[in-house]
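Welcome! Here is a short tour to read alongside the sequence and the 3D view. Take a look at the picture below, and then follow the points at your own pace.

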Amino acid sequence: MPTQLVKTCLHELAPIITEIVNTSLQTGTFPSVYKNALVIPILKKSSLDSETLNNYRPVSNLAFVSKLIEKVVSKQLHSYLSSRDLHEINQSAYRQFHSTETALLKIKDDITIAIGNRKAVLLVLLDLSAAFDTINHAYLLQVLQSMGVAGTVLKWFSSYLRFRKQSIVCNGKSSATFDLDCGVPQGSVLGPILFTIYTSSLGKLLSNFGMSYHFYADDTQLYVSFDVKATDIARTAITDCVNAIRGWMRRHHLKMNDSKTEVMYIGNKATLSKFEKEAIVVGDLTVTPESSVKSLGVLIDERMEMIPHINSVCRTAYIHIRNIARIKQFLTRSTLEILVHAFVTSKLDYCNVLFLGLPQNVTDRLQSVLNSAARLIDGSKKFDHITPVLHKLHWLPIKERVIFKVLLTVFKAKNNMAPKYITDMLVVHDPVREMRSSTKDLFDVPFTRCPYIYDRSFSHAAPRLWNDLPLGIRQGQSIDTFKKHLKTYLFSQHFGV
């Protein structure tokens with residue numbers, strides 16, 4: 001039944017659907033009729049070769065009611081894992097308050113502090129092949145059982161995983177149906193969280209090697225900081241760790257995609273000049289270090305200057321601006337603004353917390369894009385003064401947009417709306433004896449003599465920016481109120497109104 005038809009007839013169907021969901025949970029049985037998936041291969045990127053099968057992502061099209069049952073179970077499972085602190089702390093995929101931005105912020109902060117302390121960082125990006133498709137059902141059930149899942153609940157998960165079927169749909173034609181004895185549907189509600197549960201023991205393995213790491217679904221960021229005199233030790237440690245990961249993958253019926261493994265040495269110019277950037281052996285491949293790598297949609301360069309990423313953002317944004325300008329005459333003002341925000345400002349704001357502390361000459365390129373977008377909406381000419389235009393649109397400049405995102409992240413961390421790894425970067429000011437500052441919602445600013453860390457590290461710069469806010473803004477009761485007052489404050493600070 002089409003989803004739109006279900007929504008139209010929801011008043012009549014809701015009691016029936018509720019009964020189906022409740023009966024499934026009470027009996028520990030997932031209806032077999034909902035275990036059939038229609039797999040639609042979707043090209044990962046339009047620029048990829050359509051003749052190569054590896055360039056397609058197999059997305060499972062599942063019944064609407066099937067996803068409703070999964071949604072109910074997913075919500076209860078997330079609640080259970082959170083209440084018992086069973087989540088992998090450094091896994092940022094498919095979790096409330098977690099995102100690619102928070103994951104990259106944590107990684108960037110660790111690397112920034114290492115660079116400021118005159119160390120280098122060896123970063124390795126790992127990727128899995130068909131990660132969701134090779135999950136071993138028996139082992140997954142064992143992991144769930146070890147987390148305290150038992151009785152009817154464990155029976156339900158067993159019923160959900162086993163005896164699934166699928167057929168391939170391509171160009172309007174369907175293949176024969178065949179059985180699945182492993183994997184979780186890619187496109188299901190429960191599939192992602194079950195995958196993170198399945199790989200939860202990998203974090204312990206990495207910790208045993210003394211590695212810093214972060215997961216985002218099947219993407220793994222592995223990094224270690226080292227003194228230049230201990231470069232060989234760091235390389236050996238990373239190689240041994242990657243080999244151990246490959247062994248773990250084999251035991252858990254997963255496979256690392258060696259061809260997508262990327263390696264990069266990160267540090268300042270002086271540090272990087274003191275050692276050879278040797279390749280890392282991964283399986284049967286020797287991976288040559290890159291000058292920049294793409295992690296979770298952001299280009300990270302070897303000196304953490306963000307220039308390659310900013311160049312990429314500006315290039316893409318200008319393409320969208322030119323395309324929108326061609327059809328501007330056919331658009332209403334409100335539609336024009338929607339398109340600009342969807343295709344331009346959204347790209348400028350994506351992970352802009354990583355731009356904290358960058359030199360003005362670097363962020364000026366982003367400001368030029370923002371100015372062009374503002375002129376497109378306002379209709380002003382190229383050489384008209386831009387400040388009145390930004391003021392009229394009530395747009396914050398790039399620098400203030402970055403500060404806005406940083407302070408919003410601090411507010412979320414303060415009010416339990418951020419990952420634990422972000423909250424742990426901030427220390428609430430708690431003087432030994434009673435002082436007036438005790439009631440002002442301040443954070444301690446870590447001491448450092450390094451200007452690089454002071455300006456660019458979130459854990460150092462964010463508390464300082466927060467403490468400089470007026471008390472009334474810091475004590476905002478809701479996120480909407482905080483955002484409104486913060487934007488007004490930053491707007492008045494920049495435009496002097």
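Let us start with one pair of facing residues: A120 stands opposite F226, a residue of strand β8. Please keep in mind that this is a predicted model. The chain contains 20 helices and 13 strands, and the points below visit some of them.

**The sheet around β8**
- A120 and F226 face each other where strand β3 (residues 120-126) and β8 run antiparallel, joined by seven bridges.
- These two strands belong to an open sheet of four, arranged in the order β7-β8-β3-β9 with antiparallel pairing.
- At the edges are β7 (212-216) and β9 (262-266), each of which pairs on one side only.
- On average, neighbouring strands of this sheet are turned by 15 degrees against each other, ignoring direction.
- As general background, strands of a sheet pair through backbone hydrogen bonds, in either a parallel or an antiparallel way.

**Helices packed on the sheet**
- Helix α4 (residues 100-116) packs on the sheet and touches β3, β7, β8 and β9.
- The direction of α4 makes about 15 degrees with that of β8.
- Helix α9 (residues 231-251) lies across β3, β8 and β9, and runs at about 155 degrees to β8.

**A hairpin elsewhere in the chain**
- Strands β12 (residues 292-295) and β13 (residues 298-301) run antiparallel and are joined by four bridges.
- Within this pairing, V293 stands opposite I300 in β13.
- The two strands form a hairpin with two residues between them, and L296 in the turn has a positive phi of about 55 degrees.

**Aromatic rings**
- The structure has 13 aromatic pairs.
- What kind of pair do the rings of F226 and F275 make? Their centres are 5.7 Å apart and their planes stand at 70 degrees; edge-to-face pairs are those with an angle over 60, so this pair is edge-to-face.
- This pair links distant parts of the chain, with F226 in strand β8 (residues 219-226) and F275 in the loop between α10 (269-272) and β10 (280-282), 49 residues apart.
- Are F226 and F275 buried or exposed? F226 has 5% relative accessibility, so F226 counts as buried; F275, at 10%, counts as buried too.
- The rings of F491 and F495 have centres 4.5 Å apart and planes at 40 degrees, so that pair is tilted.
- Both F491 and F495 lie in helix α20 (residues 479-495), where four residues, or about one turn of the helix, separate them.
- F491 and F495 are both buried.
- One aromatic cluster is formed by F30, W156, F157 and Y160.

**Charges over rings**
- Y160, a member of that cluster, has R164 lying over its face, at 4.7 Å from the ring centre.
- The ring of Y454 has the charged end of R464 over it, 3.8 Å from the centre.

**The chain as a whole**
- The C-alpha atoms fill a box of roughly 65 × 60 × 60 Å along the principal axes.
- For 497 residues, a compact globule would have a radius of gyration near 23 Å, and the chain has 25 Å, so the two agree.
- Of the 497 residues in the chain, 46% are buried.
- Among contacts with a separation of 6 or more, 70% come from residues 24 or more positions apart.

Key
Residues numbered from 1 in each chain as written. Predicted model: local features only at pLDDT ≥ 70, side-chain atom pairs only at ≥ 80, totals over all residues. Heavy atoms only, no water. Phe/Tyr/Trp six-rings, centres within 6.5 Å; stacked < 30°, edge-to-face > 60°. Buried < 20%, exposed > 50% of the residue type's maximum accessible area, 1.4 Å probe, protein only. Lys NZ or Arg CZ within 6 Å of the ring centre and 35° of its normal. Pairing = 2+ DSSP bridges. Axes fitted to C-alpha atoms, helices over the stretch in contact; angles between N-to-C directions. Contact = heavy atoms within 4.5 Å. Rg over C-alpha atoms; globule rule 2.2 N^0.38 Å.
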